[in-house]
Amino acid sequence: MKGFICLMMLLLSGMGEAFSQKPPMKLDDCKMWRSVDQIQLSADGKWIVYNFRALYRQDLDTTYIYNVQSGEIILKTGLSNFSFMGNGKLLKYEKKKEGNDSGSGRPLVYTLNLATQVEKQWPENIFLVPIAGTDMAYYVQYKAAGKIDFTFVNLLTEEEDHITGINTFGQVEANRLIYSVSDSLKSTLYLWNRGKQVRIGEVPYYITGISVPEANGCGTLTCASDYDTRFDVASIYTFDLNKRLCTKLLSYGDITGLPDGTKISSSSRLINNNTQLLIELEPTVYPQMRREADQVNLELWVWDENISPRRSFKRSGFDVSSYDKYVYDIVAGKCFSLPTKGLSSLAFPQGQEVKGCIAFDATPWYKESDWTMSPNNDVYYIGMNGSKKKLASHGKYDLSWAPDGSQALLYDPAPKAWRLINMATGDIRDLTTGKLPYPIYEEDHDYAFDASSYGVADWNMDNQSVIVYDRYDLWSIDLKNRKTPVCLTQGIGRKELITFRKAEKPVSISGGKLYLEGFDEKSKTKGLYVLEGKRLRKMAVDPHYNLVVKASTANHKVVLWTKENYGERDFWVSDLTLRNPKRVTDTNPQVKYINWGSTQLYTWTNLEGKKNEGILFLPEDYQKGKSYPVIVLFYEKMTQGLNSYRIPEYSSATIDIPWFVSNGYVVFCPDISYRIGAPYESCYNAVISGVEQLIRDGIADKERIGINGHSWGGSQTAWLVTRTNLFKCASPCSAVTDQVADYLMLRGTGQPNMYFEEDAQGRLGKTLWEDRQLYLDNSPVMHADKIHTPLLIFHGEKDTSVRVYQGMALYFAMRRLGRPAWLLNYRDVGHQMGGDAECRDFMQRLIGFFDYYLKAAPMPEWMKAESN
């Protein structure tokens with residue numbers, strides 16, 4: 001806290017009389033900025049606790065305890081790992097022991113009674129765990145030979161109940177616990193209920209796990225042979241709290257017919273009313289990769305192998321897809337298998353009722369995954385009776401399970417439709433083709449690979465319907481095909497260009513109110529809406545801010561939310577209408593005293609005759625009619641972040657927007673929509689038309705325009721300067737400059753970059769040999785003789801996504817042509833900067849480079865040959 005105050009004093013000093021002119025940021029002013037690290041709302045809605053985090057400082061150890069009713073704040077220092085307990089009546093936290101500055105050893109645990117402000121220190125080496133919905137907590141103390149002393153504690157009265165010498169315990173409720181006590185011969189199961197111990201039964205094994213009992217008081221026990229083998233399940237028992245009985249359900253030793261060298265994993269689970277065991281296999285001994293002393297270190301590459309060598313080594317070891325899936329029928333006492341051998345992955349419903357699974361098989365398409373964004377799959381239904389049906393082939397699929405596991409939705413990119421799978425039979429039918437008036441897949445998808453679906457919002461098993469998204473709205477679809485699909489949001493989303501999605505907070509109640517987050521494409525802001533039956537209601541919307549709920553009480557009467565735009569991001573508290581709020585945090589008050597900035601949505605007509613959008617970042621003292629130095633920065637589409645708060649930081653990949661804006665630059669971030677086969681031309685049509693419009697509008701000084709981009713944005717930056725002399729200077733960072741070399745380069749994952757150029761961001765859509773000229777035309781280094789723009793090239797020598805050769809190739813081309821270029825090759829850095837020192841150094845050089853060319857500042861010494 002002291003460090004923050006000192007930095008604030010430094011900032012406030014020398015501001016000029018009565019703050020008549022706000023100063024711009026200095027390089028190290030980035031150290032003043034902070035963000036909320038942790039924030040919690042108490043269950044009763046009476047308290048909020050939070051702290052801050054700074055990128056470049058460790059001195060902010062202050063915790064803020066906010067009283068929602070009075071607005072008063074209590075400050076505590078030296079706290080960590082805080083959380084509310086006792087329904088919000090207490091705050092638990094940890095502190096280092098006095099004199100322990102090294103940080104070693106476990107910290108001490110404290111609770112603070114928020115009403116009385118009385119602090120209690122708990123015994124050393126305990127971990128205090130709250131019991132939800134109560135004033136209770138518990139802690140355990142570990143003893144020798146696997147024994148535990150368990151203690152219930154009333155957090156308000158400090159009364160305690162102790163249970164000593166237990167071995168395993170299950171779910172903890174207020175003054176109620178199911179636990180076991182074991183010796184060398186047996187384990188005895190007990191129920192502790194409000195101070196009374198009730199014996200339930202015993203088993204001749206060591207109990208390792210106790211399930212949560214059902215409403216009828218029945219549950220299951222997993223057991224090992226003894227304490228020393230506690231990680232290997234030997235049997236499963238059931239228990240009945242009402243009958244006080246433990247009964248053997250199955251013994252793993254009775255299960256035969258499993259593949260040699262395998263055993264049953266502890267992650268196996270009971271299904272179908274505990275009549276079957278869904279078996280997960282693991283090796284009896286995990287294979288060890290060992291190289292013999294005289295073994296040759298040879299890597300063999302075979303042209304038609306399914307997985308290329310540098311990718312296949314990552315799959316070495318135990319491969320469960322080498323085996324069928326096994327299920328043990330407890331009633332029949334027999335093990336049977338499902339035909340899953342060779343299938344890449346299996347998806348089972350998570351509930352008790354399992355009628356089958358959905359299997360994905362990428363094996364036939366592994367080879368092509370060297371040149372596709374991600375592997376394609378075949379999709380199968382596998383029934384519990386051993387039936388197998390192929391549902392779809394060669395695609396990238398989305399899967400959504402019904403809550404009870406009886407049905408599943410599969411998005412199939414071939415018909416661009418959701419298909420409903422009956423998990424009892426494997427029957428599949430199209431649920432959406434010809435029934436919805438708008439696409440359920442990404443409408444503005446501009447990649448070579450298939451578009452993904454917009455997703456599933458919710459299932460309603462009571463009325464047998466599922467809610468799916470289109471680009472803007474929510475549609476309820478009858479699973480039994482009896483009714484026409486209904487647009488729950490009444491087409492308002494598409495009409496008003498608002499994308500509605502189910503909000504994470506507040507939590508919606510199934511069958512009741514559905515809370516929605518709405519993103520307005522016109523203002524680029526998020527707001528809160530609620531859907532009640534057929535009525536869509538606007539709850540909280542502001543055309544200048546993103547409003548997002550982060551936490552609420554169970555009854556939604558107290559809500560913690562963020563209000564955000566480029567200028568601020570802070571937390572507020574109110575009721576669910578978000579009206580009459582109280583401000584909780586003031587994260588960066590220093591912004592009031594510097595030349596900050598604002599954002600503006602900028603529109604123009606691009607060279608394809610289409611409406612184009614971009615963000616203008618304008619200095620706070622911006623004057624309309626005055627031309628400014630402009631830096632163009634882009635990466636696909638950025639306007640969705642128009643109202644995102646940006647914390648100043650040292651540059652890790654590109655210019656830091658807030659710093660440059662504070663120092664008098666206008667930063668322009670245009671959106672780009674791409675055409676397959678002409679990605680760079682698409683970039684040119686959007687970016688150049690936007691910059692020319694800025695010049696016509698008098699915003700940009702045509703003699704002072706620079707450009708900067710990183711990775712894919714860097715590649716386009718390097719290409720643009722081969723087509724235009726509009727820019728006074730350019731900085732392509734971590735850029736692909738030679739598409740031919742990049743196409744055949746291996747990434748750190750072992751995957752060739754063919755996928756990037758053909759299928760992913762490169763968007764060329766063809767192989768090198770189908771259209772060699774296409775690759776040459778889109779390689780900046782092949783056209784370096786047309787570059788007359790000074791370049792500052794950044795690359796990290798340890799970059800495994802875009803190899804350092806790419807930066808060096810452009811540098812050497814410019815050097816041979818006698819054109820000004822500087823290469824910053826950071827030897828210990830990858831695709832982006834890592835350490836603070838490198839980031840600060842890079843930012844300093846970006847500032848010097850752009851100031852020299854766009855502000856006529858003196859040339860930095862490092863740019864002069866004699867200084868190198």
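Is E353 buried or partly exposed? E353 is partly exposed, because its relative accessible area is 30%, between the 20% and 50% limits. This is a predicted model. The report covers salt bridges first, then the pocket, the cavity, a surface patch and some backbone features.

## Salt bridges

E353 has a charged partner. Its side chain meets that of K355 in a salt bridge, at 3.6 Å from N to O. K355 is partly exposed too, since its relative accessibility is 40%. Side chains of opposite charge can pair when their charged atoms come close. The count for the structure comes to 47 salt bridges.

The table lists three of these pairs.

| Pair | N to O distance | Accessibility of the acid | Accessibility of the base |
|---|---|---|---|
| E353 and K355 | 3.6 Å | E353, 30% | K355, 40% |
| E443 and R494 | 2.8 Å | E443, 31% | R494, 19% |
| E681 and R723 | 2.8 Å | E681, 27% | R723, 36% |

Take E443 and R494. Their side chains meet in a salt bridge at 2.8 Å, N to O. E443 lies in the loop between strand 34 (428-430) and strand 35 (456-460), and R494 in helix 3 (residues 492-496), so the pair ties together parts that are 51 residues apart in sequence. E443 is partly exposed, with a relative accessible area of 31%. R494 has 19% relative accessibility and therefore counts as buried. The cut-off for buried is under 20%.

This pair belongs to a wider set. A network of salt bridges links E443, D470, R471, R494 and E521.

Next come E681 and R723. The closest N and O atoms of this salt bridge are 2.8 Å apart. E681 sits in helix 5, while R723 sits in the loop between helix 6 (712-720) and strand 52 (729-733), so the contact ties together parts that are 42 residues apart in sequence. E681 is partly exposed at 27% relative accessible area. R723 is partly exposed at 36%.

## The largest pocket

What is the volume of the largest pocket? The value is about 1200 Å³. Its lining has 34 residues. D444, R471, E521, K637 and D671 lie nearest the centre of the pocket. R471 and E521 are also members of the salt-bridge network.

Several elements give two or more residues to this lining: strand 39 (498-502), strand 40 (514-520), strand 48 (611-619) and helix 5 (679-696). Helix 5 also holds E681, the partner of R723. By class, the pocket lining divides into 18 charged, nine polar and seven nonpolar residues.

## The cavity

How many cavities of 30 Å³ or more does the structure hold? There is one. The largest cavity has a volume of about 40 Å³. Its lining is made by Q171, E173, R176, L177, I178 and P213. Strand 13 (168-173) and strand 14 (176-182) each give two or more residues to this lining. Strand 14 provides the largest share, three residues. The cavity lining has three nonpolar residues, one polar residue and two charged residues.

## A nonpolar surface patch

Which residues make the nonpolar surface patch of about 420 Å²? They are L300, V302 and W303. L300 is placed in the loop between strand 24 (281-283) and helix 2 (309-312). L300 counts as exposed because its relative accessibility is 63%, and the cut-off for exposed is over 50%.

## Backbone features

One peptide bond to check is cis. It joins K505 and P506, with omega about -5°. P506 is in the loop between strand 39 and strand 40. Strands 39 and 40 both contribute to the lining of the largest pocket.

Two asparagines have positive phi. For N87, phi is near 55°, a positive value in a residue other than glycine. N87 is in the loop between strand 5 (80-85) and strand 6 (90-95). N87 is partly exposed, with a relative accessible area of 29%.

N274 is not a glycine either, yet its phi is positive at about 60°. The loop between strand 22 (269-271) and strand 23 (276-279) contains N274. N274 is partly exposed, with a relative accessible area of 26%.

Methods: Residues are numbered from 1 along each chain as its sequence is written. This is a predicted model: local features need pLDDT of at least 70, side-chain atom pairs count only at pLDDT 80 or more; totals for chains, interfaces and linings use all residues. Side-chain values use heavy atoms; hydrogens and water are left out. On a 1 Å grid over the protein atoms alone, a cavity is a set of points where a 1.4 Å probe fits but cannot get out, and a pocket is an open set with protein on both sides within 12 Å along at least five of seven lines; lining residues have an atom within 4 Å of a point. Grid points are joined across faces, edges and corners, and a volume is the space filled by probe spheres set on the points. Helices (H or I, at least four residues) and strands (E, at least two) are DSSP runs, numbered from the N terminus. Ala, Val, Leu, Ile, Met, Phe, Trp, Tyr, Cys and Pro count as nonpolar, Asp, Glu, Lys and Arg as charged, and the others, Gly among them, as polar. Patches are made of residues with over 30% relative accessible area and no salt bridge: like charges are joined within 9 Å, nonpolar side chains (Val, Leu, Ile, Met, Phe, Trp, Tyr) within 5 Å. Accessible areas come from the Shrake-Rupley method with a 1.4 Å probe; for residues, only the protein chains shown count as cover. A salt bridge is a side-chain nitrogen of Lys or Arg within 4 Å of a carboxyl oxygen of Asp or Glu. Buried means under 20% relative accessible area, exposed over 50%, partly exposed in between (1.4 Å probe, protein chains only).
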